[in-house]
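Please find below my notes on this model, set out as numbered points for discussion.

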2 protein chains.
Amino acid sequence: MRHVALSTVRRLSLYLQFLEESERAGTTTVSSRALAERGGATPAQVRKDFSFFGSFGMRGVGYPARELAARLRDILGLGHRYRVVLIGAGRIGAALAAYPGFVERGFDLAAVYDVDPAKIGKRLGEGHVVVRDLAQLEADLAAEAAQIAVIGTPAQAAQGIAERLVAAGVHAILNFAPVALTVPPGVTVTNVNMALELEALSFALKHRRA
Amino acid sequence: MRHVALSTVRRLSLYLQFLEESERAGTTTVSSRALAERGGATPAQVRKDFSFFGSFGMRGVGYPARELAARLRDILGLGHRYRVVLIGAGRIGAALAAYPGFVERGFDLAAVYDVDPAKIGKRLGEGHVVVRDLAQLEADLAAEAAQIAVIGTPAQAAQGIAERLVAAGVHAILNFAPVALTVPPGVTVTNVNMALELEALSFALKHRRA
DNA sequence: GAGTGTGAAATTGTTCACAGCG
DNA sequence: CGCTGTGAACAATTTCACACTC
C-alpha cells in the first residue's frame, strides 16, 4: 500500500456511511457512480480511491455492498472500540459527550478532565461521566491507556495539553482549539474549527460570482 | 484577484485568529515566520497566501499586525454581521446556539426551525431563541432574508432542506449532516462531520509508522 | 454491454530561490 | 542586512481514456 492522501481517507469514510445506509435499505450491489454521487466525487475518483487498497469490484456489475463495507471498516481501523479521553468540560465537551454517533461508531468516552474546581466531580452534561481533575491525567493514562484524545480547551492551553498527552502515549488528537498544534512525527492531529468554517462561508459569499 | 484555493482561505482565517491575539498582546509587527508557526504553514506559504490579494508587508520588517488583521477581515468578508438560520433544534443546534464565538465573530442566530411539535415554541438550550415550525421557513425568509443556513438535521432530511433553503435565496450552508449535498453553482456548502474526523484518526492510528 | 482497474495526462497546490525594497 | 513578493520548479491530486473482465 503506497501513500494515501488524507482526502482519499475522508472520502472512504463517506462511502462507508453511504454503504451502511444502502445495506439497511437492502441494496446488495453499488456502482462507483452511486458512491460518487453520495461522496461528492466522480466515479473515476471512487475507483481510484479503492485501487490504493486492492480491487474489490466486479467488472460490469459494481461492488458488493456488504463486502465493500466490511473492507472499508477494516481499512479505516474500525474493527474494535477506542478509548477516548476529553480535556475540557465546556460546551464542546458536553456536545460531544451527548453525541450518539460517537459511541455508535466505536468511540467510548472513558474520562473527562478540567481544571475548574466548580466542574470537577460533577457529571458532564446529561451523561454519566464524572469530570476529573486534570492533574490526574498522567496517572490515569498510565493505569489505562487511551488511543484518542479530544482537546476542547481554550486556545492558550491547547499546546501544553497536547504535549502532556503525547508524553502520556496518545497518538491521535481531535483538536477543537483554534491553534495549529505542534506534535512529533507519528502523532496525528485533526482540527475542527467552527469559526474557520463560518469565515470560509463568509469569504465565499463575499466573492461569489453567478 | 485570480482564483484562490480553499486551503488558502482556511489559512487566512487562522492567521487572523493569531493576529487578533497578537494585537491584544500589544504586538505591532509580525513576520511570515511567526504567522506560519501558528497557521501550520511555511513562511513562503504565508507570503504566497497574501500575494493573491496584494502586498501589505514591509520588506525587511514584516507585517503591521493591526493593518493586516483589518485587511484579512475585509478579504474574508467579516465587515458586517450575518443573519444565520438553523434547521434542526437537536444537539448540534443547541451547542451551536450556545457557542459564544459564533456571535462574537459577527454571526447572529436569527431563527431556529424544527418539525417536532414537542420542540416548537420552546427556547433552544439556554438561549433566548424560540424554535419555530419548519413550515414557516419560506415565509420567514421572504420577510427577512438570511445569508447563511446551518443544517443540523438527520441525514435523510438534509438534501430536501438544502433545496428549500436554496429556493428561498440562501447561498451559504454549513452542513452537519453526513451527506454530500447537491446544490446549484453559486451556492457554497461547508461540511462538518464528526464521525468522519474520528474515522480519519482511526485510519492514522491503524497505519501509523514510527 | 456495462462498469471496474489503472497507467498517463492534466490540473491544482506547495515549495524553492532569488530579486527587490525598506 | 532582513524579510517580503513572486515567477519558476516541483509535488501531489484529480481527471481521462481505455484495456480488461464478468
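**Notes on the DNA surface and the aromatic pairs**

1. The largest share of the surface near DNA strand C, 4 residues, is supplied by α3(B), where near means that a heavy atom of the residue lies within 4 Å of the strand, and where helices (H or I, at least four residues) are DSSP runs numbered from the N terminus. This is a predicted model, in which local features need pLDDT of at least 70 and side-chain atom pairs count only at pLDDT 80 or more, whereas totals for chains, interfaces and linings use all residues. Residues are numbered from 1 along each chain as its sequence is written, chains are lettered from A and ligands numbered from 1 in the order in which they are written, and side-chain values use heavy atoms, with hydrogens and water left out.

2. Among the 23 residues around DNA strand C, those that come nearest are Ser32(A), Arg47(A), Ser55(A), Gly57(A) and Tyr63(A). Polar contacts (pairs of N or O atoms within 3.5 Å) include one of 2.9 Å between a phosphate oxygen of DNA strand C and the side chain of Tyr63(A), and one of 3.4 Å between a phosphate oxygen of that strand and a polar side-chain atom of Arg11(B).

3. A search of the whole structure finds 12 aromatic pairs over all chains (rings of Phe, Tyr and Trp, the last by its six-membered ring, with centres within 6.5 Å; planes under 30 degrees apart are stacked, over 60 edge-to-face, the rest tilted). The rings of Tyr15(A) and Phe50(A) are edge-to-face, because their centres are 5.6 Å apart and their planes at 75°.

4. Ring pairs also link Tyr15(A), Phe50(A), Phe56(A) and Tyr63(A) into a cluster.

Technical notes: A polar contact is a pair of N or O atoms within 3.5 Å; within protein, one must be able to donate a hydrogen and the other to accept it, and residues adjacent in sequence count only if both atoms are side-chain atoms. Helices (H or I, at least four residues) and strands (E, at least two) are DSSP runs, numbered from the N terminus.
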